[in-house]
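Please open the structure in a viewer and keep the selection tool at hand. The tour below proposes what to select at each stop and describes what is found there.

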Amino acid sequence: MTDTQFPRATRRPLILVVDDDPTLSQFVEVVLKAEGSVRSVSSGEAALELCSELHPDLILLDFELPGLGGLEVCQQLKTHDATRSIPVVFITAHHTPEVEDRCWEAGAVDFVVKPLHARTLANRVKAHLTLKAQADLLRELAFKDALTGIANRRYFHERIEAEVGRARRLGTPLSMLLVDVDHFKAFNDLYGHAAGDACLVQVAAALRSAIHRPTDIVARIGGEEFGCLLPDTALGNACTVAERLREAVASLGLPHEGSATADRVTISVGVAEIDLGGGQGIRGWLADADARLYRAKHLGRDQVCA
Ligand code: GH3
Ligand code: MG
Ligand code: MG
Ligand code: MG
Ligand code: MG
């Protein structure tokens, strides 16, 4: 789970202008100053690089660019999860129905025609930024865990469906970790519920920072239970990640005098790779991971079972 999955709905919008004509870029910067921060680049390649780094809230994209053209830039943005939801407004000089169709097909939300009319441009951009902010907020409310700020159970299950589909299509391995905090009832009983909440926030942060790939997902799926999805990861490597999570939490060194098995807060982890060749479904896969988590508990906690 990366921060980019929940773009902050409250930040000042970032608008990216992609045009090889510096006069036009300067004009747009002036016209859109009131709507957000404006950045300009003059090539499609630079636009793609900046998008994956800064996640702008809207892109004004020249149809005709030297090198990588506007249509290709738009198509590439729409194929990647991290950039798919950025609205693209085309700037076209040759305004024909064919050009319009190609823009829509590439995934544009709108287009403006050269020579640009300042008020039309500003109002179009303002309307799309409002929609984008509402979509970001909705996404955050639906998919973010309010206590820890990481993804929630709903997001986890939505991603499971998507990742299993992807693993089936591409024939790539896919693993899951189920994580449960050890003796957490005793922690609450001894230190109080507010301290319990603070502990969960720290555990979530430790899990998130121990996950290195941007495509990996970590979510809070229950009270003191977390789930990780590891695309392109077979069982052996998933165990390595699980062990890293276990160490990350143990090395927080959060005192737990009420634990029957350690002097600090620890986690147990169940690891399972989905057996797509053997026809395993999501339910069976989850049951495997859960059974292994249960075994890790039974064997003494603060450990990984696969
Ligand atoms: P085990 O090692 O077997 O997992 O023992 P446990 O005590 O962690 O397991 P159990 O399922 O019995 O208890 C889970 C506890 O987690 C009980 C509940 O009060 C606490 N809990 C669940 N959600 C929250 C939460 O949001 N905040 C706080 N503070 N505690 C929570
Ligand atoms: Mg041009
Ligand atoms: Mg539990
Ligand atoms: Mg339990
Ligand atoms: Mg527990």
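Begin with the pairing of two strands: select residues 174-181, which form β7, and residues 267-273, which form β10. These strands run antiparallel and are joined over seven bridges. Within the pair, V181 has I267 of β10 as its bridge partner. It should be kept in mind throughout that the model is a predicted one.

**The six-stranded sheet**

Extend the selection to the open sheet of six strands, whose order is β6-β8-β9-β7-β10-β11 and whose pairing is mixed. At its edges stand β6 (151-152) and β11 (304-305); each has a single partner strand, so one side of each is left without a neighbour in the sheet. Next, add helix α8, residues 193-210. This helix lies across β7, β8 (217-220) and β9 (225-231), and runs at about 170° to β8.

**Two helices in contact**

Keep α8 displayed and add α7, residues 184-191. The axes of α7 and α8 come within 7 Å and cross at roughly 130°. The two helices are therefore oblique to each other. To view the contact, select F184, F187, N188 and Y191 in α7 together with H193, A195, G196 and C199 in α8. The residues of this contact comprise five nonpolar, three polar and no charged.

**The surroundings of ligand 1**

Now centre the view on ligand 1, which is surrounded by 16 residues. Select D182, F184, K185, G196 and G223, the closest of them. Which elements each supply at least two residues of the shell? They are β7, α7 and α8. By character, the shell around ligand 1 consists of four nonpolar, five polar and seven charged residues.

**A buried glutamate**

Move to E163, located in helix α6, which covers residues 153-170. Is E163 buried or exposed? E163 has 21 other C-beta atoms within 10 Å, and a residue counts as buried when 20 or more lie within that distance, so E163 is buried. Leaving aside residues up to four places away in sequence, E163 touches L174, L229 and P231. For a distance check, select A242 as well: E163 and A242 are 79 residues apart in sequence and 19 Å apart in space, C-alpha to C-alpha.

**The five-stranded sheet**

Select next the open sheet formed by five strands in the order β2-β1-β3-β4-β5, with parallel pairing. Its edges are β2 (37-41) and β5 (110-113), each with a single partner strand, so one side of each is left without a neighbour in the sheet. From one strand to the next, the twist averages 20°. Within this sheet, display β4 (residues 88-92), which runs parallel to β5 and is joined to β5 by four bridges. Here F90 stands opposite F111 in β5.

Helix α1, residues 22-31, packs on the sheet and touches β1 (14-18), β2 and β3 (58-62). The direction of α1 makes about 170° with that of β2. Then select helix α3, residues 70-79, which lies across β1, β3 and β4 and runs at about 150° to β3.

**The whole chain**

Finally, zoom out to the protein chain, whose secondary structure comes to 10 helices and 11 strands. The C-alpha trace spans about 75 × 45 × 25 Å along its principal axes. Of the 306 residues, 38% count as buried. Among contacts between residues at least 6 apart in sequence, 65% join residues at least 24 apart.

Notes:
Residues numbered from 1 in each chain as written. Chains lettered and ligands numbered in written order. Predicted model: local features only at pLDDT ≥ 70, side-chain atom pairs only at ≥ 80, totals over all residues. Pairing = 2+ DSSP bridges. Contact = placed C-beta atoms within 7 Å. Axes fitted to C-alpha atoms, helices over the stretch in contact; angles between N-to-C directions. Near = placed C-beta within 6 Å. Nonpolar A, V, L, I, M, F, W, Y, C, P; charged D, E, K, R; others polar. Buried ≥ 20, exposed ≤ 12 C-beta atoms within 10 Å, placed from the backbone. Parallel < 35°, antiparallel > 145°, perpendicular 65-115°, else oblique.
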